Amino acid sequence: MKIATIMSRFPNLTETFVLYEIVSLVRQGVMISVYPLLRMRQRVVHPEVDSIADRVSHHPFLSLQILAANWHYLRRRTRAYLGVISEVLRGTWGSWNFFIGAIGIFPKSVRFAWEMEREGVTHVHAHFANHPTVAALIIHRLTGIPFSFTAHGHDVHVERRMLAEKIAAAEFAVMISEYNRQLVLDECPGVDPEKLHVLHCGADTETFTPATEQRDDAPFTIVCVGSFVEVKGHPHLLEACRTLKERGRTLRCHLVGDGPLRAAITERIDAAGLAEDVIVHGALPRPRVAELMRAADTVVQPSVPTPRGAREGIPVSLMEAMACGLPTVASRLSGIPELVEDDRTGILVPPGDAGALANALERLMDDPELRRTMGEAGRAKVLADFDLARNAARLVSLIESTALSARRRPRAGLVPESRG
């Protein structure tokens, strides 16, 4: 097997689940190449990015190589080339984001197809059900290479355009939660349920491990890891911290992440009188995040649904916290209860309820034994169901199990190459 993986952006600091799945597959001896739709240039990157740099194929939106690949398929597989253009444009029509995005990525997706054929790629796996899976569909229609994809959160919660068609064309689709699987079945009538497999993202349980030394009498320490975007619900955590401070509690809250709402969050911290209690770190590499978690008492994820319908999948930061033996406090939302078992591995609260969040944190403050037992149960849960290496191996097994039947089928949509 030789697998090619497609994602929206690379390297992307916030999409650790993609990066570390690739790293895990490489460590397991899988031949894998990486095709991002966009090249990101970030000030902070995870150290493992360099270890797979030689596997990554970055392309502009247009180049002589891209034009040559498009001419190749237009000339030699005319029907397949024109057919997939029509399919993608018709399928994305009605959504400005999808339609313009499809036009933008089509030329380079054709170049990906050209390269993958010559590299002997046997399977394509896309992360996110939107643009990356459109690219995988284009490649499949032009080359017959089978594909699959993983749907995460907003890509099925907000916009499901062409989703049923993508599932029908794919060998299988991975849902990162039972919640997402049921949502797709409910919202996309006619989808074959046998094609939808629940496979959780995972935490690196060798990097994220419990602290080896007992903490001193430092203030009760909270960590929250997540981009400063609406769905992460930072204002509700800050309101909970303000409430606890009014109750005479001492705490320290570390916010890790960056994003468009960072300035607004900083202003809110000052307005709430929390400037000495809340530290905004910005983006941090994974080793530093692990250090912060090992020095913490709990990790909080106060997620909320947005007016557009965006919701969390299952935040990897919660998996990493539980791998560190920490109790977690999180919103009872989408797939989160599949990870955080209320009153066993953490505490679930209603989304957007700062009072309930404050009460949950106060309960953990007052009960070190509860923190310990929840932390132990949480790590056991992650080791059993959310281990990165184990779940990456399960993805490979899914690909292998469909490979034989895919090879026996005719290469759909293709006609013999013209040699004229």
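One open sheet of this predicted model has 6 strands in the order β9-β8-β7-β10-β11-β12, and the pairing is parallel. Strands here are DSSP runs of E at least two residues long, helices are runs of H or I with at least four residues, and both are numbered from the N terminus. Two strands pair if DSSP finds at least two bridges between them. At the edges sit β9 (278-282) and β12 (346-349), each pairing on one side only. On average, neighbouring strands of this sheet are turned by 20° against each other, direction ignored. Strands β10 (residues 298-301) and β11 (residues 328-331) run parallel and share 3 bridges; Q301, for instance, has A330 in β11 as its bridge partner. Helix α13 (residues 354-365) lies across β7 (220-225), β8 (251-256), β10, β11 and β12, and runs at about 165° to β12. Such angles go from 0 to 180 degrees between N-to-C directions, with axes fitted to C-alpha atoms and, for helices, over the stretch in contact.

Now for another sheet. This open sheet, also of 6 strands and parallel, has the order β2-β1-β3-β4-β5-β6. Its edges are β2 (31-39) and β6 (196-198); each has a single partner strand, so one side of each is left without a neighbour in the sheet. Here the average turn between neighbouring strands is 25°, direction ignored. Strand β5 (residues 172-175) is joined to β6 by 3 bridges, and A173 stands opposite L196 in β6. Helix α8 (residues 178-187) lies across β4, β5 and β6, at about 160° to β6.

Strand β4 (residues 147-151) is home to S148. This serine, S148, is buried, with a relative accessible area of 0%; buried means under 20%, exposed over 50% and partly exposed in between, using a 1.4 Å probe and protein chains only. The S148 side chain makes a polar contact with the side chain of H125 at 2.6 Å. A polar contact is a pair of N or O atoms within 3.5 Å; within protein, one must be able to donate a hydrogen and the other to accept it, and residues adjacent in sequence count only if both atoms are side-chain atoms. Setting aside residues up to four places away in sequence, S148 touches H123, V124, H125, A126, A170 and F172, where contact means heavy atoms within 4.5 Å.

Next comes helix α1 (residues 16-27). Its 12 residues should span 16 Å at 1.5 Å a residue, and the end C-alpha atoms are indeed 16 Å apart; the expected span is 1.5 Å times one less than the number of residues. Of the 12 residues of α1, 10 are buried, so the helix is largely enclosed by the rest of the structure. Just after α1, G29 takes a positive phi of about 85°.

The largest nonpolar core has 56 residues, and M293, M319, L339 and V340 touch the most other members. Such a core is a set of buried Ala, Val, Leu, Ile, Met, Phe, Trp, Tyr and Cys residues joined through side-chain atoms within 4.5 Å. Helix α1 gives the most to this core, with 7 residues. A second, separate core of 44 residues includes L37, M116, I145 and I167.

Residues are numbered from 1 along each chain as its sequence is written, and side-chain values use heavy atoms, leaving out hydrogens and water. As the model is predicted, local features need pLDDT of at least 70 and side-chain atom pairs count only at pLDDT 80 or more, while totals for chains, interfaces and linings use all residues.
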